[in-house]
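Student: I have a structure to study. Can we go through how its parts fit together?

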Amino acid sequence: MSVFLQQLINGLSIGSIYALMAVGYSLVYSILNFSNFAHGGVIMLGAYFGLYALNLLSLPFMGALVVAAFAAGLVAVGLEKIAYSPLRKRNAPSLYFIISAMGASIFLENFVVATIGPTFKTYPEIFSTTPITFGAISVSRIDILMFVIAAISLAILVFIIEKTKVGLAIRACSYSARGSNLMGVNVNRIIFVIFLLGGMLAGVAGMLFGMKYTVYPQIGVITNKSFIAAVFGGLGSLPGAVVGSILLGLIETISAGYIASQYRDLIAFSLLIIVLVVKPSGLMGKITEDKA
Amino acid sequence: MKKKLTFLLAIIMIFSLAFTGCSGSGGDSGGGNGGDSGGDSGDTVKIGWIGSLTGDQAPWGKCESQTVEMLIEQTNANGGVLGGRMLELVKYDTKNDPNEAVNAVKRLVSQDKVCAILGPNASAQALAITNVLNSAHVSDIATVATNPKITVNDKGEVNPYNFRVCFTDPYQGAVAGGYAADVLKYKKAAILYDVASDYSQGFMQYFIETFEAKGGTIVAQEAFKAGDTDFRPQLTKIKEADPEVILMPYYYKEVALSANQARELGITATLMGGDGWPSDNLFEMAGKAIEGSYVVNHFDYNDPDVIPLTEMYIEKYGTTPEINCYMVHDAYGVLLAAIEKAGSADSQAITDALTQVEYKGVTGTITLGEDTHDPVGKEAAIQQIQFNTEKGEYEYVFMQKYGTQE
């Protein structure tokens, strides 16, 4: 029983990392209807921003987190201006956006390899690495912290979207950008806000990921799984992204722990394919066509 | 236009002449048994060396060639080989390019008529020269080329003229398994391995065979895929199986992450690994978690057998030698023993003698197996990671040399 509980905690912890990353994908998808593959690159930069804020600026943890969030937010906005905005002005099909996003992602990875170098970096030990134990179960402090920060960040995001005027505009745009534009919503400004919010979440996710594991230029690859989790939960739906991520974390852990670790990805992704075949819009998705 | 064509034709003719000339003389010395050929032609005995003297592999190649020069000087000062014949070194730069390596070997066997070749210091080059060696009947002893296919080809046949003095990657698994069972007296082992890596799988397979043959049991065997960052589901399962030792046969990034997470989950078992571990980052990433772990390595600077050679090299060249210095020293030692055993500098006789001699080198006792051409049961250096309180940092501490026949 204690092993099962431990595995459950492992799964939740892995799932909450996926969730923080997946929400960024869903946010952009809900407005622009394309998968922003450069999100992984922004997460990776967030991890480096946090590291340098701690080491070079000697900021306390919360200060570094804020710096990482804003710096990553600005990068995301900049990417939008350079890589997507020109395409949007020409009404390019979503495929072009995806290609542009992939290009941006490869660029960011190689940029870091060329400037900072390909070696692994580690965060200084901010929180004690001795875990908190309940009987035979142990939970690391960073996991608890991650869970709390992920929950707070998502709560702030939900508040912005559900309770503020900007949020109303975002929701309106996600139903119909053209219609909202006709009603006097400045769609360009909404897109700016979306990328800023998505980028800030990426910064937070990157820094937490870097603290828990390590920092290296290929972190972005990990986000492939959170993208899949977002599709599984229903692209474009924020609760869907969270639920999909937590479920993916749990399925992975349970199949590695109780069936066979060699077949972990095989089992987890077979399940996902089955879910998508039965319900193509994902668990909580709203759009069924053009899922690219 | 016509002029150009003539010029081109002339070039082609020169090239084809050079080429046929080359292969012709290559076949000549390939006679092997034809008395004079194959290196046994003069008063001096010629030995070839190939390796990278330029390019990004140059630091290792340079160290290797300097060591050979130093050793040959020493041998000649002590009266040479075969009752007074002097040794002569012919060395060529391969520029870390397999094609250059092939050309260098062609020159060595046809023009210079060397009796045997030492080097190169990379697997790709050692693989490329096999055909030339076979047609010339001249042997090559590779130094740090660990790819299993260099000595035994895809069909499982041994390459007749390729030898090496370093052990292959999977053999480290046998050493780790034997050391865990024999010396550390462990009975229960768990393995975490990279399902997508040949290195990891071969290492694991040899570990299991040896550990079980010595009476141990494998209580858990869990997989991950390179690029994963979270190993807690697998480690939780391993923890439940309660092993005394966990084998981690993969590279330092995953080692650091999985070791940290194992300690986080409260696993106290000893950790073991191979030559994928050592790296500048490992201690920074996971010092505390891997303290007390054992690492199987090719050699150790603090091994008492190794120190005299280090001192000799530093005295002559003023810098600390690389691993190549020690490996080529042993390759050279095996070759000299084979020349004396053969009683002549005939390349075929030396080839036959290579598997007949036993040489106690600085990296271990070397006997080249007849059906593998790899060192049989060669010792590896076992190191333990310890915290040095004086220096305030982690370091590899030499435990002993250990080899296994299984």
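Student: How many residues of each chain take part in the contact?
Tutor: This is a predicted model: local features need pLDDT of at least 70, side-chain atom pairs count only at pLDDT 80 or more, and totals for chains, interfaces and linings use all residues. Residues are numbered from 1 along each chain as its sequence is written, and chains are lettered from A and ligands numbered from 1 in the order in which they are written. Two residues are in contact if their C-beta atoms, placed from the backbone, lie within 7 Å. The contact takes 24 residues from chain A and 23 residues from chain B.

Student: Which element gives the most to the side of chain A that touches chain B?
Tutor: Helices are DSSP runs of H or I, at least four residues, and strands are runs of E, at least two, numbered from the N terminus. On this side of chain A, α1 (2-32) and α10 (238-258) each supply at least two residues. With five residues, the one that gives the most is α1(A).

Student: What is the strand order in the open sheet of chain B?
Tutor: Two strands pair if DSSP finds at least two bridges between them. The edge strands, β2 (87-93) and β5 (162-164) of chain B, each pair on one side only. The pairing is parallel, and the order of the five strands is β2-β1-β3-β4-β5.

Student: Which residue in β3(B) is the bridge partner of I47(B)?
Tutor: Strands β1 (residues 45-51) and β3 (residues 116-118) of chain B pair in the parallel sense over three bridges. The partner of I47(B) is A116(B).
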